[in-house]
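Dear colleague,

I am handing over to you the structure shown below. The notes that follow it set out what was found, one region at a time.

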Amino acid sequence: MEGEKSTKKGLKIGIAGKGGVGKTLVASTLARLAGRSGKFKRVLAIDNDPSLNLGMALGIPLNKIGAPIAEMKDLIKERTGRAPGEGGAFKLNPLVSDIPDKFAVPGPDNVRLLVLGTIKDPGSGCLCSSNALVRELLYHLVVQRDELVILDFEAGIESSMGRATSKGLDLLFVVVEPGQKAIQVGEKITAMAKQLNIKHVLAIINKVENEEEEKNIVQDLKERGMDVFASIPRSNAVIEADLKGIPLIDFRENDVAVGAMKGILDNVVKKYYN
Ligand SMILES: Nc1ncnc2c1ncn2[C@@H]1O[C@H](COP(=O)(O)OP(=O)(O)OP(=O)(O)O)[C@@H](O)[C@H]1O
Ligand SMILES: [Mg+2]
């Protein structure tokens, strides 16, 4: 039953939103909390962002993280028949099922990280074989794996939203922060995700200062047709942890922002994984 939601098939969560809204914080903290909870067979965090900082946010030393799959020229050639940039026909459905286990790096709390890299704009030269491999891998990850998969999407996500996301994602969290730019990008992503028939497209408001601000944003998002799932308060601990280069959950486990994300994970499990 390909594409049907079933708990045995795991749970696939995408995290999207404008640049800088807190996608990586949310993806990494949810992954770590989920790993600790013991509720999932395995937890796989996927970095689909060009800045490749999910590893650091998870607490995996940089020297343990290899090149993104999208840039492994030999692998791309082996699997698709063509190196990136090389002309000619290439396989559209390359073998990918062994890639997560071969290339994922183990991190704290039993979370594993797979650095995927991004789907490149065709305008930047013919990277078609690299894109084909990344697309097929995304599809495999969200449709065929039976674990918790958390995808930290690149800001904007237009290029990654496609067959994979529409078929396999159980939910897409659209992260917004106070401010019209982030809200407008969130609205656009939400509309696109709904067109792709992603089952649950839910907003998370991050960096909330106070209740008044939260109330206003919730109202604004509702008027734009967005469902709000939760809010995460602005917290200095996030900034301090960032400065030290350590995960928030290791820096201050009882921080309010961690607490909010615990609530998010509990509600996700209750509503979508039972
Ligand atoms: N709740 C919060 N309170 C305070 N600062 C926060 C909070 N959430 C995120 N930040 C800060 O906002 C910045 C962006 O966070 P993060 O890297 O998680 O966002 P992102 O959406 O992944 O960004 P990018 O699009 O660049 O990948 C970081 O400097 C982080 O410390
Ligand atoms: Mg990020």
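I begin with one pair of residues: V43 stands opposite V111 in β4. Please bear in mind throughout that this is a predicted model.

The pair belongs to two strands, β2 (residues 43–48) and β4, which pair in the parallel sense over 5 bridges. A further partner of β4 is strand β3 (residues 105–106); these two run antiparallel and are joined by 2 bridges. Here P106 is the residue that stands opposite R112 in β4. The hairpin formed by β3 and β4 has 4 residues between the strands, and in this hairpin D109 takes a positive phi near 60°.

How many of the 5 residues of β4 are buried? The count is 5 of the 5 residues in 111–115, so the strand is largely enclosed by the rest of the structure. As to direction, V111, L113 and V115 point one way from β4, while R112 and L114 point the other way, and all are buried.

A contrasting case is A89, which lies in the loop between α3 (73–80) and α4 (99–103). Is A89 buried or exposed? A89 is exposed, because just 10 other C-beta atoms lie within 10 Å, and a residue counts as exposed at 12 or fewer. A89 and C128 are 39 residues apart in sequence, and their C-alpha atoms are 9.6 Å apart in space.

I turn next to ligand 1. Around ligand 1 there are 20 residues, of which G19, G22, K23, T24 and L25 come nearest. The elements that give two or more residues to this shell are α1 (23–37), β7 (200–208) and α9 (236–244). Sorted by class, the shell around ligand 1 holds 7 nonpolar, 8 polar and 5 charged residues.

Helix α1 also takes part in a helix packing. Two packed helices are described by the angle between their axes and the distance between the axes. For α1 and helix α11 (residues 256–272), the angle is about 65° and the axes are 10 Å apart. The crossing in which α1 passes α11 is right-handed. On the α1 side the contact involves V26, T29, L30, L33, A34 and S37, which meet V258, M261, K262, I264 and L265 in α11. By class, this contact of α1 with α11 has 8 nonpolar, 2 polar and 1 charged residues.

In viewing the model, you may wish to start from α1, as this helix both gives residues to the shell around ligand 1 and packs with α11.

With kind regards

Conventions
Residues numbered from 1 in each chain as written. Chains lettered and ligands numbered in written order. Predicted model: local features only at pLDDT ≥ 70, side-chain atom pairs only at ≥ 80, totals over all residues. Near = placed C-beta within 6 Å. Nonpolar A, V, L, I, M, F, W, Y, C, P; charged D, E, K, R; others polar. Axes fitted to C-alpha atoms, helices over the stretch in contact; angles between N-to-C directions. Left-handed = near helix turned anticlockwise from the far one by under 90°. Contact = placed C-beta atoms within 7 Å. Buried ≥ 20, exposed ≤ 12 C-beta atoms within 10 Å, placed from the backbone. Pairing = 2+ DSSP bridges.
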